[in-house]
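Visitor: I would like a close look at a single part of this model, with the cut-offs stated as you go. Please take the small sheet and then follow the contacts outward from there.

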Amino acid sequence: MQELQVNNLTEFECLALNSPLNLADGHARQALTASQARIIDDLPNLFAKAAARPPEEVGLDACRAYLGLLGQHSHPVGDGRVFACYSSSVAMEIFARALAQTGESVALIHPTFDNIPDILRGVGLNLVPLEEDVLHDGDLPRALLNSVSCVFVTTPNNPTGRVVSEERLRALAAQCADHDVILALDTSFRGFDPRAHFDHYRVLESSGCRWVVIEDTGKLWPTLELKIGWLVTAREPGLPVAKIYSDILLGSSPLVLALVQRFAEDAADGGLPDLHRFIAGNRALVRQALAGLPDVDFPDLDSRASVERVRLGARSSLEVWSTLREHNVYMLPCQKFHWADPHEGDHMLRVALARSAAPLGEAMRALRFVLSTR
Ligand SMILES: N=C(N)NC[C@@H](O)CC(=O)C(=O)O
């Protein structure tokens, strides 16, 4: 069989897109709840209302609803430094292009989803891996901060689910201020973990550091990729973000913004705790389905994110992935999360949890079968 050449995690995810047993991407693919289905049924009305209002108003209401849902009350919405993009990756590309005009090196959390290092390298930036334990254990080394123009952190991290605490964020922002290093946060998974709902913007705005935050509505709700990535900046980020945003976008769809607002309001009305219980139930299903298999365990016991890593002992994640594919079941081998040292991921898979129980259960039975025969 011709050797399959897969260049990044998203290409692994593309291979899975048409399978009913796609547990590869971290996008929300569970069934709509009843209240979410009512919002979708109301789309014609949403369309008419969004069309009749000034786009800026629609955007402000959507951002306030979403960030307010997640505890981000000190967000600078309305201050000309919140940029709505079609996705968080578009927001990241705009940030990366702006950053590349002012600096050369970025300390990037390791491991993390590989489209982040790929986007940063794609604009010519050099990357220095920032191991999670180094990030979480205390102040960053001065030598590191003196060698980069930006520290880029995914929190909660993907795939580990580790969250930067309020105390750690305050200390990290203070260090970045002292060294005049930009602090960038990708908060795409924040919706799943209440530990990430402290007011990050209050901490950042009072820190004195230059900062950028990328918010992503795309991981929470099954809206068929109708989502917004917000790029939010400090008052004076020292980056041409507005200029590069205008090079790429005039703005995002008022209909999508209005949809995000309605889903955020539904989440505030009990939907978010329900979602947390749903993901926790799926995490328990995964761990129960694989219980008792020799050398199989779960490295991220404290994670609340909508993904779960499975450690496979000496089994090769690529071989397991290939065998699962023969059963039309897809997950993610973890090598490419370890963008600076892929072998660290040789024996781990990532399972997507934002899926309905039936396909998740069927895929777990297939995974248990494959692991029990290796
Ligand atoms: N632009 C890209 N590559 N999008 C894929 C990304 O959203 C998937 C993801 O983040 C995850 O599966 O965890």
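Guide: What follows starts with the sheet and moves on to the aromatic pairs, a buried threonine and one further strand.

This is a predicted model, in which local features need pLDDT of at least 70 and side-chain atom pairs count only at pLDDT 80 or more, while totals for chains, interfaces and linings use all residues. Residues are numbered from 1 along each chain as its sequence is written, and side-chain values use heavy atoms, with hydrogens and water left out.

The sheet is open and has three strands in the order 9-12-11, paired antiparallel. Strand 9 (307-311) and strand 11 (332-333) are the edge strands, each with a single partner, so one side of each has no neighbour in the sheet. Helices (H or I, at least four residues) and strands (E, at least two) are DSSP runs, numbered from the N terminus. Two strands pair if DSSP finds at least two bridges between them. Strand 11 and strand 12 (residues 348-352) are joined by two bridges in the antiparallel sense, and Pro333 stands opposite Leu349 of strand 12. Helix 13 (residues 317-326) lies across strand 11 and strand 12, at about 45 degrees to strand 12. Axes here are lines fitted to C-alpha atoms, for helices over the stretch in contact (heavy atoms within 4.5 Å), and angles run from 0 to 180 degrees between N-to-C directions.

The loop between strand 11 and strand 12 holds Phe337. Rings of Phe, Tyr and Trp (its six-membered ring) pair if their centres lie within 6.5 Å; planes under 30 degrees apart count as stacked, over 60 as edge-to-face and the rest as tilted. The count by this rule is ten aromatic pairs. In one of them, Phe337 meets Phe113 edge-to-face, with 5.8 Å between centres and 75 degrees between planes. Phe113 is in the loop between strand 3 (105-110) and helix 6 (115-122), 224 residues from Phe337 in sequence. Buried means under 20% relative accessible area, exposed over 50%, and partly exposed in between (1.4 Å probe, protein chains only). Phe337 is buried at 0%, and Phe113 is buried at 11%.

A tilted pair is made by Trp221 and Phe263, with centres 5.6 Å apart and planes at 40 degrees. Trp221 lies in the loop between strand 7 (211-216) and strand 8 (229-233) and Phe263 in helix 12 (residues 254-289), so this pair ties together parts 42 residues apart in sequence. Trp221 is buried at 5% relative accessibility, as is Phe263 at 1%. Tyr66, Trp221, Trp230 and Phe263 form one aromatic cluster.

Thr160 touches a residue of strand 9: Arg309 is among its contacts, as are Pro111, Glu132, Asp300 and Ser303, leaving out residues up to four places away in sequence. Thr160 is in the loop between strand 5 (150-154) and helix 9 (166-179) and is buried at 3% relative accessibility. Its side chain makes a polar contact of 2.5 Å with that of Glu132 (a pair of N or O atoms within 3.5 Å; within protein, one must be able to donate a hydrogen and the other to accept it, and residues adjacent in sequence count only if both atoms are side-chain atoms).

Strand 7 has six of its six residues buried. Trp211, Val213 and Glu215 are on one side, and Val212, Ile214 and Asp216 on the other. Strand 7 pairs with strand 6 (residues 182-186) in the parallel sense over four bridges, and Trp211 is the bridge partner of Leu183.
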